Amino acid sequence: MSVKTILTEPNKILRQISKSVKGVGIEEKKLMDDMLDTMYAANGIGLAAIQIGIPKRIIVMDISKDENKKEPMYFVNPVIKKKNPEKATYEEGCLSVPGQFAEIERPNACDVEYLDYKGKKKLLKADSLLATCIQHEMDHLEGILFIDYLSKLKKSMIIKKLSKNKLNRIVV
Ligand code: ZN
């Protein structure tokens, strides 16, 4: 298991549409292990494979509040089967949009079909934070970031800010 570099906006790779995987094999399990390590190291609650540059439809999440009791969740080839017409608003952030937050409205519940870590087909009935989180992560698989829901002005302000904060910039 290893911690990978998380790509940040405006990196174009984040805009790629991820591809389904054939199943869960050794390669996919290693990827999920690395993704989980990377997510925990960055104090995130969700991460999609494309955020570490791998365009595969794989997501890891852990929305448990207790630091000592980790509850990792793995979603391979997730598909939303049903969305509730009622909405919920959360203030969202993203490991690929560091330091930026915005209130985003999404369906407050959804059913998701996916393969788990063992490659078993599962159906999850998600609501509240879990529903928001899975929808945010599934957007990544389509190359969509939460800032895409904001006004053009707000979005361009955020991208401008992020472009200035290059992580590797040094002054010596
Ligand atoms: Zn995100």
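Here are a few worked exercises on the structure above.

The model is predicted, so local features need pLDDT of at least 70, side-chain atom pairs count only at pLDDT 80 or more, and totals for chains, interfaces and linings use all residues. Residues are numbered from 1 along each chain as its sequence is written, and side-chain values use heavy atoms, with hydrogens and water left out.

**Exercise 1. The zinc site**

Work out which residues coordinate the zinc ion and where Cys-94 and His-140 sit in the chain.

Solution. Start with the donors, meaning N, O and S atoms within 2.8 Å of the metal (3.2 Å for Na, K and Ca); water is not among the atoms, so sites may look incomplete. Cys-94 (SG), His-136 (NE2) and His-140 (NE2) coordinate the zinc ion at 2.1 to 2.3 Å. Next, read the spacing of these donors along the chain: C-x41-H-x3-H. Cys-94 is in the loop between β4 (87-92) and β5 (102-107), while His-140 is in helix α2 (residues 128-141), so this pair, 46 residues apart, links distant parts of the chain. Helices here are DSSP runs of H or I with at least four residues, strands are runs of E with at least two, and both are numbered from the N terminus. For the two histidines, a general point helps: an α-helix has 3.6 residues a turn, so residues three or four places apart point the same way.

Last, check burial (buried is under 20% relative accessible area, exposed over 50%, partly exposed in between, with a 1.4 Å probe and protein chains only). Cys-94 is buried at 11%, and His-140 is buried too, at 1%.

**Exercise 2. Helix α2**

Compare the span of α2 with the expected one, then say how many of its residues are buried.

Solution. The expected span is 1.5 Å times one less than the number of residues. With 14 residues, α2 should come to 20 Å, and its first and last C-alpha atoms are 21 Å apart, which is close. As for cover, 12 of the 14 residues are buried, among them Cys-133, His-136 and His-140. After the helix comes Gly-143, with a positive phi near 80 degrees.

**Exercise 3. Cysteines without a partner**

Find out how many disulfides there are, and why Cys-110 is not in one.

Solution. A disulfide needs two cysteine sulfur atoms within 2.5 Å. Searching the whole structure gives zero. For Cys-110, the closest cysteine sulfur is that of Cys-133, 11 Å away, so a bond is ruled out by distance. Cys-110 is itself buried, at 2% relative accessible area.

**Exercise 4. Positive phi outside glycine**

Place Asn-43 and Asn-77, and decide whether each is buried or exposed.

Solution. Take Asn-43 to begin with: its phi is near 60 degrees, and it sits in the loop between α1 and β1 (46-48). At 66% relative accessibility, Asn-43 is exposed. Now Asn-77: phi is about 50 degrees, again positive in a residue that is not a glycine. Asn-77 lies in strand β3 (residues 73-83) and is buried, at 18%.

**Exercise 5. An unusual peptide bond**

Say which residues a cis peptide bond joins.

Solution. Look at omega: about 5 degrees between Glu-9 and Pro-10, which are joined by the cis bond. Then place Pro-10, which is in the segment before α1 (26-41).
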